[in-house]
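This report goes through selected features of one protein chain, with the cysteines, the annotated spans and some helix packing taken in turn. Please keep the sequence and the structure in view while reading.

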Amino acid sequence: MSILSPSGGAFKSISTLLGKGIHRAARISARNPIEMMVAMLILASFSYFALLNLAKTSDIFTGTSTRLHPTFAYRAGDAVTFTHLTDKELKAIPSDAVVKVQLNQIVIEDPSATRSKRSEGLVKPDVLEAVYQFQDVVEHQVLVPDGPKTTKQYSFDSDLCYKPNNQCFRQTPLDLWNNDLAAIHADQDIAATVAAHLNTAAHQFQMTDDQTKIQAFILSYAFNASTTIRQELAKQWAFKVATLPPGALISHTSMDDQQQNTFVWLFIVARNVVYRISDLISEAEKIDIVVILLGYLMMIATFVSLYVNMRAMGSKYTLATAVIASGFFSFMLALLTVHYLGVDVYPVVLAEAIPFLVVTIGFERPFKLTKRVLQSSEQTSISKQNVHEIVIRAVDEVAIPVARECSMEIFVLALGAKSGIDGLREFCLLSAILLAYDYLIMFTWYTAVLALKLELRRIKEMNSTTDTSKTVTTQSGENPVQIRRSVLKALKPESKSARGKKGGENVDDPIMGRVKLLVIVGFLVMHFFELCTTLTPSTTTVGVNITDPSVAKVLSTLYERHQQSSSLPLLVEVFSPLQFHVVDQGYSVLPAILEKPLNYMFNSYADYIQDPVISKWLTSALVFSLFLNTYLFNVAKQPKQLVEHQSKEKRTLVSENVSPFVELSDKQKISVTNVVPTTKPEGSPVPASPALHLESHHRHRRSSVAHSKVIRPLEECAVILKSPEQGPDALNDEEILQLCQAGKIAPYALEKVLQDFERAVKVRRSLISRASMTKTLETSALPVQHYDYSKVMGACCENVIGYMPIPVGVAGPMIIDGESIHIPMATTEGCLVASAARGCKAINAGGGAITVLTADGMTRGPCVEFPNITSAAACKRWIEESGAETVMAAFNSTSRFARLRKLKVTLAGKLVFIRFSTTTGDAMGMNMISKGCEKALAAISEKFPEMQIISLSGNYCTDKKAAAINWIEGRGKSVVAEAVIPGDIVEKTLKTTVAALVELNISKNLIGSAMAGSMGGFNAHAANILTAIYIATGQDPAQNVESSNCITLMKAVNQGRDLHISCTMPSIEVGTIGGGTILPPQQSMLDMLGVRGPHPTEPGKNAQRLARVIVAAVMAGELSLCAALAAGHLVQAHMAHNRVAATPAPTPAVTPSTQNNFECLLKK
C-alpha cells in the first residue's frame, strides 16, 4: 500500500503528511543522484571541519597531560603558605579587600633530553639565545587587544604586569645573567653557572628523572588582575603567546605546529587516546569493563553482519560502505547539533558511547530499503523498467513502518535524556538526534546511492542485451537478460523452515524492532539503578597544584614583593602552564625518507588551498567536475539502439524534397519510401532526414526525429525540451528555431541549452538571417564549421555566428637580440608583409636588431571625488607620502603577479585622479589591475570615509584613446630598438641612399608630424605592423591606438657611410596569457615566437619578449617604407602587387581595391 493513500485519524494524517515529504525527497534524490550525493558530501565536509576545530581545543590534542583548571591561592598577614580557595570561599571575599593577581607560567621543554643520552639538555648557548628572543617577544611584542591601528594596545612589560615597588614581577632562568644576551655569550661555562645557582633558582628548572640534565625552563609572569578588563587582557595575552607561529620554540597548542608535522600530530592524538583508555580501565570497575567490551564486540559483529548481508544481495562492498558512510554523516551532524544545543559531550564519554550508538542505531533500516529496491528491480528486466519509479515505490513501502520504529526509539531515548544522570543524558540526546538524521539521510543520500546503483546495473544489462539478443533465445521465444541469472535467493521471501535451516532472518519481521527497543530500555534501566556507570564522567576537577615547588616558590617570592608595597591580602589565580618545546629535528614518527616527501605534499596542498586564486580554481574545477559527471552519466543512460518515434497527432512536412534515406549511423542507412508531402494520419511513421545537414559533436545522442524536417507543435517541442529523458537532442534545428522565435529559448543562451557549440552557432545564424532585412547570412560564405567554439564562449565573444578568417603572413626571419625569429602578421593589406620582410633582410645584413626594455607597467586611473578641494589635496598628500605603503600593500594583496610600482596623483577641482602603474606578469593585465585598484581604493576610503568613487576608470589610464600621458609616462611595455645598416645594403637592397633616408625621416616623420600636431605619431606606419602582429597573436586590436605611439629616428654614422635607425615605443600593451591568446590559432603563433603562456621561471618575461619583437618588426617596416618613399617606388609596388580585378558591376565604377590603395598611399 502506498504511503500516499488517504486515511482517517490524527495519527494517520501525520503519517500521510510525513509520507508525502519523504516521497518528494526520495523522488528528487532518485532523479538527481549525483547532485544529491555531492550536496551531502559538501555538508558532511563542513561538519567534519567544524568538529575538527572543536576537537583541537580538546585535551586529547595537547600532549599527554590533562588540561588543568586555574587554581585560586589566597594569603594574608603572617600566614606561612597560600591557601587553596573553593568557588564558595572565593565568592565570599569582597573584591576590594584583596589585591588580585594572575600568574602565568611558560614551560620550555627539550624533547631530546629524555630520549637521547647524548643530548646536553637546555643548557646550550643557542637554546638560551632562543629563550632570550622568545622573552623579548612575549614581554614587548605581544600586544592586546587585536583591532584597528587606532586601538590602543598593551604589552606585558609596559602595561599588564603586576608591579610591586614599580617593578614588573617576572622570574626566568635568564635572571642568572641579568637578562643580558652579551653576558650569556661571554659565559664560558654555562653549565657551571647554572649548577652554582641551582639551589636558589631550582623552581626555574625541571630536571630529568636521573637529575643529570635540565629538561625544561620555567618562566613566570604576574599580571595585574584588579579589574575585569585587565583579567580579560591577561587571558588574551596568554592565548596569543600559546598560538605564536613556530620558530626556534614551538607551542604545543599551536595550530601551525599541527600543520607542520601532520604525522606527529596524529601520533600524539592516538597515543593520548590509548593513555586515556588505559587510565580509565585501571580505575573502572569490572562490570563497566565487561559492558564496554561487550559493546565493542557487538559493534564489530554489526559491521561484519552488514557486509555479509549486502554481499548476499549482490553488492560486494559499495552499498555496505554507503550505509556506513551515511551513519558517519549522521553521527557528525548529530554531534554538531548537540554542541550547538549547549550540551558538552566529553571525549571519554564519546569513546564509551560509540559502540552503543552503533548497536542502537543499527543498519536494519537501510538494509530493509535495499532489499525492497532490489526485489522490485528483479521482477522483470531492469532495462524495461523506470529506475526512479522502482526506488520511489520501495521508499513508499518502507517509509512509514521505519518512521514508526524510529519514533518509538526516539521517544524512549528522550526519556533517558530527561533522566539527569551525567553521561547517560548526553548519550540519549545524541542517540535521539542521530536517529532523526539517520532517517533523513536514508531517504536522501542513501536513496540517491541506490538509484545510481540501479542506473549502472541497467546500463550493464542493456549492453549485454544488445550483444546477446541475436544469438540467445529460449523455447518460449523470450530474450533472457544475463544479469537475471545471478538473482540470489536472499532476495526471495523465505519460509519459516528455510529460515530455520539457514539461520537467516527476515528483515521485515517486526520482532527485530522489538528486540532493539528492549535492548535500549534495558541499557537505560542499568544506568537508572546504577548497575553500571560506563557513561558517567568523572566529577572531580583537576586544578593547578600550588604546592608544587615550581609554583610554590614563585608564589612565596611574589608575596614577599607584594608585602613591600601593600598590606592587603593577596589573591593569585594560577593558570595551567603554557607548553613550548625547542625544535627537535631528530624526532620523527616516520623515517625521514617517507616523512619529508609526505610533509611536503601536505604542506603544498595547504598552501594551494589557502591561495585566493588557486582555491577559486579548485572550487570551479569541483563544480565543473560535478556537472561533467552528471552529463556523462546522462549520456550513459541513453540506449545504444535508436527508438522509433511514433507520432500521436498530425504532423506537417516542411518540404516535399525528402531524402530517400535516413542516416542512423555512419555505416547504416534505412530506405524511406512512399513519402507524400501531405498531412500524415495519426499513428503513421514520420519520415526523417537531416534538416540542415548538421555535423555536431552530439550526433550519436540524437534520435532520428532530431534529424527530420518534421516540425512538431510548439507546445510539444517545449515539453520535449524540458524533459530530462529527451531534451534538445530530440528536437531538430527547425524546431529549435521555432522555440527561439516564440521566446522559449533566448538566442544568447543557445550554447547552454543545446550543449553543442557548433549547432548553437548554426541555429543562431539562421535565426538572425531570417529576421534580417537581406536574409543572406544563412547562406553566406562566413564559415562556421571546424572551429573550437568552446574556447570562445564566455571569454572572447558573444552571440557568435561564425568566425572571420584573416590571411597570416610571415616576415623574416629577423635577428633580434641575437635570435633568428619569424614574425607572424595577420593582414589584408598587400605589400605589407613583403615590405617588412625587405626591412628584416636589410637589418640582418647589419648584424640584426638590438632591443632594450626601459619600463614595464600597466596603468589604471580611477576617479574619486571629495566634498571640497582641501580634502582632495589632503588625500593627494597622504597617497604620495605616508599612505603609499598602505595603498601598495592593499593592491599587492589581490594577486601573486600584480605589483604596484608607481602612483601618480593629480587634482581637477575636488576630483582626484590616481594613476596606478603596476607589473602584471605575462598577462596584459587590465582585469588584474582593476581588481587591485578596487582593493586599494577601499584602503584609501578607510582613511578618507568622505571619499566617493566616481569611476574605476577615470580616463587617466589611458586605455584605447590617444593621450599625451601614455606618450610621456608610458603604459605597458616601453621598448627601444636600434640597428645599423651598411651603406651598400641601403643602396642595393633598399634602392636609396643614407642621406636620402635621413632627410626624408626628418622632413616626414619629425617635421611633418609636428606640423600636423601629432601626439606619439612621429613615424611612417608603426600601427600597420603592430596591428598585424596583434591580430595574429591574440592581442586586443583596439589598443593599437596607444600601443602605436612611436618615434623613428635615422642618422648617418661612420663618416656618413652607414645608417643608424631606432624606434622608441613607450606604450606597448601585450600579454601572452588571457584574452585572445587562449584561442588555438593565436596560441600557435605565440608558440612560433616561443612566448606562449606564462614564463616558467620569470613571470612577465614572455610578454616583454613579445613587445621586443613587435618594436623590432616596426623598425623593419619603417625602414622599408621610408626607403620606398625616398626612392619613389611605393606607388609602383602597390600597383604591381596589390591590384585585384574588380567584380563586374552593372555600372562602371572605380575598382574598390585600387581606390583603397590610392587612399592608403595618400594617408601615408
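At which residues does UniProt place the feature "transmembrane region"? The model discussed here is a predicted one, and the annotation comes from an unreviewed UniProt entry, which places the feature at residues 289-310, 317-339, 345-363 and 427-452. Two of these spans can be described by their end-to-end C-alpha distance and their helix and strand content, as set out below.

| Span | Distance between end C-alpha atoms | Helix | Strand |
|---|---|---|---|
| Residues 289-310 | 32 Å | 100% | 0% |
| Residues 427-452 | 35 Å | 92% | 0% |

Turning to the cysteines, the structure holds one disulfide, which is formed by Cys 161 and Cys 168, with their sulfur atoms 1.8 Å apart in the model. The link between Cys 161 and Cys 168 is left-handed, with an angle of -45° about the S-S bond, and both of these cysteines are buried.

Cys 1063 presents another case: its closest cysteine sulfur is that of Cys 1046, and because the two sulfur atoms are 4.2 Å apart, they are too far from each other for a bond, given that a disulfide is counted here when the sulfur atoms lie within 2.5 Å. Cys 1063 has a relative accessibility of 0% and therefore counts as buried.

A further cysteine, Cys 717, is buried as well, with a relative accessible area of 0%, and this residue belongs to the contact between two helices, which is described next. Helix α24, covering residues 714-722, packs with helix α25, covering residues 733-741, at an angle of about 100°, and the axes of the two helices are 10 Å apart. Since angles of 65 to 115 degrees count as roughly perpendicular, α24 and α25 are therefore roughly perpendicular to each other. On the α24 side the contact is made by Leu 714, Cys 717, Ala 718 and Leu 721, while α25 contributes Glu 735, Gln 738 and Leu 739. Sorted by class, the residues in this contact of α24 with α25 are five nonpolar, one polar and one charged.

Helix α30, which spans residues 884-892, offers a last example of packing, and its buried residues are Val 887, Ala 890, Phe 891 and Asn 892. These buried residues of α30 pack against two helices, α29 (869-880) and α31 (926-943), and against two strands, β18 (899-908) and β19 (911-919).

Key
Residues are numbered from 1 along each chain as its sequence is written. This is a predicted model: local features need pLDDT of at least 70, side-chain atom pairs count only at pLDDT 80 or more; totals for chains, interfaces and linings use all residues. Side-chain values use heavy atoms; hydrogens and water are left out. Axes are lines fitted to C-alpha atoms, for helices over the stretch in contact, and angles run from 0 to 180 degrees between N-to-C directions. Helices (H or I, at least four residues) and strands (E, at least two) are DSSP runs, numbered from the N terminus. Angles under 35 degrees count as roughly parallel, over 145 as roughly antiparallel, 65 to 115 as roughly perpendicular and the rest as oblique. Contact means heavy atoms within 4.5 Å. Ala, Val, Leu, Ile, Met, Phe, Trp, Tyr, Cys and Pro count as nonpolar, Asp, Glu, Lys and Arg as charged, and the others, Gly among them, as polar. UniProt positions are given in the numbering used here, feature names are shortened, and annotations may be inferred rather than shown by experiment. Buried means under 20% relative accessible area, exposed over 50%, partly exposed in between (1.4 Å probe, protein chains only).
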